[in-house]
Amino acid sequence: MSTRTETLEFQAETRQLLQLMVHSIYSDKDVFLRELVSNASDALDKLRLAALVEKDLEADTGDLHIAVEADPEARTLTVRDNGIGMSREDVVSLIGTIARSGTAELLRKLKESREAASQDLIGQFGVGFYSTFMVADRVSLLTRRAGQTEGTRWESTGEGTYVIETVDDAPQGTSVTVHLKPVDSEDNLHDYTDPGKIREIVKKYSDFIAWPIRLVTPDGEPAVLNSMKALWARPRDEVAEEEYRDFYRHVAHDWADPLETIHMRGEGVFEYEALLFIPSHAPFDLFMADARRGVQLYVKRVFVMDDCAALMPNYLRFVKGVVDAHDLSLNISREILQQDRQIQIVRRRLVRKVLATLKEMRTAHAERYRTFWSEFGRVVKEGLIEDPDNAEAILDVVSVASTHNAAELTTLRDYVERMKDGQSEIYYATGETRATLENSPHMEAFRARGYEVLLLTDPVDEVWVERVGQFDGRPLRSIAKGQVDLDASAEGSDAGQERERQAKEYADLLAFLGGALADTVKEVRLSSRLTTSPACVVGDAHDITPTLEKMYRAMGQQVPPVKRILELNPTHPLVTGLRAAHERGDDEPALTETAELLYGMALLAEGGDLADPARFARVLAERLARTL
């Protein structure tokens with residue numbers, strides 16, 4: 001057969017990544033061995049699955065294992081498996097390039113980590129094999145894919161090129177030989193040929209790997225280094241917290257401890273075990289469309305797939321862990337999973353359990369819950385739009401800012417318990433910042449009369465409050481939309497009589513302003529929500545908000561302009577003066593300019609945008625000049 005040999009260049013981004021690795025941006029270089037063992041374990045999982053599904057696959061599955069062999073004299077460490085192996089094309093695509101999106105973001109994060117001295121980005125970003133160049137002058141790989149006759153040898157110093165060769169003497173599986181750099185304690189380069197160091201690393205990072213990890217001594221004697229216990233299959237009272245933490249680090253590639261561990265078992269018609277974790281911090285790609293999400297799926301401890309999105313909804317995409325289903329087919333596809341009735345049952349149970357755990361965390365572990373909500377609250381609120389079946393449970397774990405306390409968030413349940421006598425609605429305001437909302441004219445009457453208002457500043461808030469509509473039977477009511485009448489309950493019939501009198505006094509002015517501003521507003525009316533500002537702009541009860549209108553346009557969706565309503569404060573000197581000027585028959589163009597300025601000020605006061613800022617500034621400057 002032909003032994004085709006080529007020298008190829010790494011992809012540009014791969015070269016950059018290799019340089020970062022070579023220059024030791026991580027303080028904990030031990031993780032290279034964890035990555036090699038993890039890759040070997042994945043290869044064994046895949047071979048076992050392939051052998052079960054492909055009955056005619058010619059592969060040896062009699063003694064699947066991982067071997068670690070050190071040679072102190074040659075300064076090499078070899079990690080070998082007899083798993084699925086790789087073809088020549090696999091080697092080029094998986095090692096010669098970074099075959100995933102987000103490379104630019106990955107490199108940026110890695111470069112930032114030089115200053116942060118972070119050692120967890122290797123696992124987090126899945127660079128795996130490349131981590132060997134932190135400790136190696138040269139890396140060699142020999143592999144043969146199960147069922148094929150040709151093998152592939154690969155070698156590189158990480159300087160920008162690699163040599164790849166087709167060979168005929170490769171055993172099934174993959175072996176990676178790391179030609180180690182000299183020991184350098186100052187640079188945290190340990191002696192990775194030391195059996196004690198190897199045992200320490202495997203115990204710390206890989207004790208739960210389901211396959212035997214054997215340390216091969218110079219005399220050929222193998223010793224198993226790991227316990228091979230599937231944590232999810234053991235009773236919770238038999239698993240130590242440290243074991244849970246270690247397992248979380250394995251499945252999440254995260255070296256911070258999880259906030260919460262969920263260990264559950266489903267019995268009956270459809271049996272499964274699940275070991276889920278709620279992380280303590282959000283990954284960098286939480287809001288990236290192509291981010292990996294979902295939990296690992298096993299069938300009777302046989303690995304089936306990573307990132308099984310069918311088991312966890314998008315708004316819980318931060319949840320990590322393993323689900324081991326007993327009755328699924330091993331060759332089930334992602335497409336079939338989406339429609340599988342048993343998977344849907346498991347998904348519903350997992351979601352209910354996660355939400356119940358979050359609710360319990362909020363009541364029993366307030367500090368942990370605050371950490372969780374600051375990291376993942378925006379994501380959880382997406383569920384109020386995506387998952388109406390669980391909206392009530394999600395609302396029970398939602399925390400939002402309110403006027404009740406400037407420093408602490410509140411729950412909707414706590415808001416309801418604080419509602420004033422006679423109050424039937426939950427009041428809220430949406431906008432870009434808390435400061436903008438607190439200073440908005442819409443807030444004046446609510447503040448003056450002691451009504452609490454929820455302050456919603458996440459973009460998703462604009463959507464879910466409209467979609468949900470109510471909590472605990474009480475309508476969610478925007479203070480910037482529709483008619484607001486706080487006086488009726490507070491002051492009785494006197495307030496109604498006063499409004500009737502004002503309506504008559506202002507009827508002519510309102511008609512004039514409605515005509516003068518007809519191109520920009522749908523109506524001009526008197527307000528019962530203002531106490532100190534002259535005017536505010538509000539929407540009809542079912543209009544979309546200006547912020548939501550901007551969001552749709554930013555996403556490329558054409559939204560027809562929505563005219564809003566100008567409300568006037570009938571007790572403000574500017575408004576009473578405008579009424580008097582109109583009654584005197586003052587210059588109409590001047591009154592029209594005043595109307596424009598009044599509308600513009602109302603827009604600015606709520607944080608809105610002027611349609612013609614230059615004209616507003618010019619008219620205002622001319623008006624001010626005439627007062628001097």
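Begin by selecting Phe372, which is buried, with a relative accessible area of 0%. Please keep in mind throughout that the structure on display is a predicted model.

**First stop: an aromatic pair in helix H10**

Add Tyr369 to the selection; this residue is also buried, at a relative accessible area of 5%. Both values fall under the 20% cut-off for a buried residue. Tyr369 and Phe372 belong to helix H10 (residues 366-386), where they are three residues apart, so about one helical turn separates them. How are the two rings of Tyr369 and Phe372 arranged: stacked, edge-to-face or tilted? Their centres are 6.4 Å apart and their planes meet at 40°, so the pair is tilted. The whole structure contains 18 aromatic pairs.

**Second stop: an aromatic cluster and two charges over rings**

Next, select Trp232, Phe247, Tyr248, Phe277 and Tyr298, which together form one aromatic cluster. Then display Arg378 with Phe287: the charged end of Arg378 sits over the ring of Phe287, 4.5 Å from the ring centre. A further example is Lys420, which lies over the face of Tyr451 at 5.3 Å from the ring centre.

**Third stop: strand E12 and its partners**

Select strand E12 (residues 295-299). Five of its five residues are buried, so strand E12 is largely enclosed by the rest of the structure. Which strands pair with E12? Strand E13 (residues 302-308) runs antiparallel to E12 and is joined to it by four bridges; in this pairing, Leu297 has Met305 as its bridge partner. Strand E14 (residues 320-325) pairs with E12 in the parallel sense, over four bridges, and here Gln296 stands opposite Val322. Now look at the turn of the hairpin formed by E12 and E13: two residues lie between the strands, and Lys300 in the turn has a positive phi of about 50°.

**Fourth stop: two residues in loops**

Move to Asn188, in the loop between strand E7 (173-180) and helix H6 (195-206). Asn188 has a positive phi of about 60°, although it is not a glycine. Its relative accessibility is 30%, so Asn188 counts as partly exposed. Then select His253, in the loop between helix H7 (241-252) and strand E10 (260-266). His253 is not a glycine either, yet has a positive phi of about 50°; the residue is partly exposed, with a relative accessible area of 26%.

**Fifth stop: an open sheet of six strands**

Colour the six strands that form an open sheet in the order E16-E15-E18-E17-E20-E19, with mixed pairing. Its edge strands are E16 (405-411) and E19 (470-471), each of which pairs on one side only. At the E19 edge, two bridges connect E19 to strand E20 (residues 474-478), and the two strands run antiparallel. Select Phe471 and Arg474 to see one pair of bridge partners.

**Final stop: the second largest pocket**

Finish with the second largest pocket, which holds about 1,200 Å³ of space. Select Arg564, Tyr599, Leu603, Glu606 and Asp609, the residues nearest its centre among the 50 that line it. Which helix gives the most to the lining of this pocket? Helix H20 does, with six residues. Elements that each supply at least two lining residues include strand E17 (426-430), helix H17 (493-516) and helix H21 (613-627). Colouring the lining by residue class shows 20 nonpolar, 14 polar and 16 charged residues.

Methods: Residues are numbered from 1 along each chain as its sequence is written. This is a predicted model: local features need pLDDT of at least 70, side-chain atom pairs count only at pLDDT 80 or more; totals for chains, interfaces and linings use all residues. Side-chain values use heavy atoms; hydrogens and water are left out. Rings of Phe, Tyr and Trp (its six-membered ring) pair if their centres lie within 6.5 Å; planes under 30 degrees apart count as stacked, over 60 as edge-to-face and the rest as tilted. Buried means under 20% relative accessible area, exposed over 50%, partly exposed in between (1.4 Å probe, protein chains only). A charge sits over a ring if NZ of Lys or CZ of Arg is within 6 Å of the ring centre and within 35 degrees of the ring normal. Two strands pair if DSSP finds at least two bridges between them. On a 1 Å grid over the protein atoms alone, a cavity is a set of points where a 1.4 Å probe fits but cannot get out, and a pocket is an open set with protein on both sides within 12 Å along at least five of seven lines; lining residues have an atom within 4 Å of a point. Grid points are joined across faces, edges and corners, and a volume is the space filled by probe spheres set on the points. Ala, Val, Leu, Ile, Met, Phe, Trp, Tyr, Cys and Pro count as nonpolar, Asp, Glu, Lys and Arg as charged, and the others, Gly among them, as polar.
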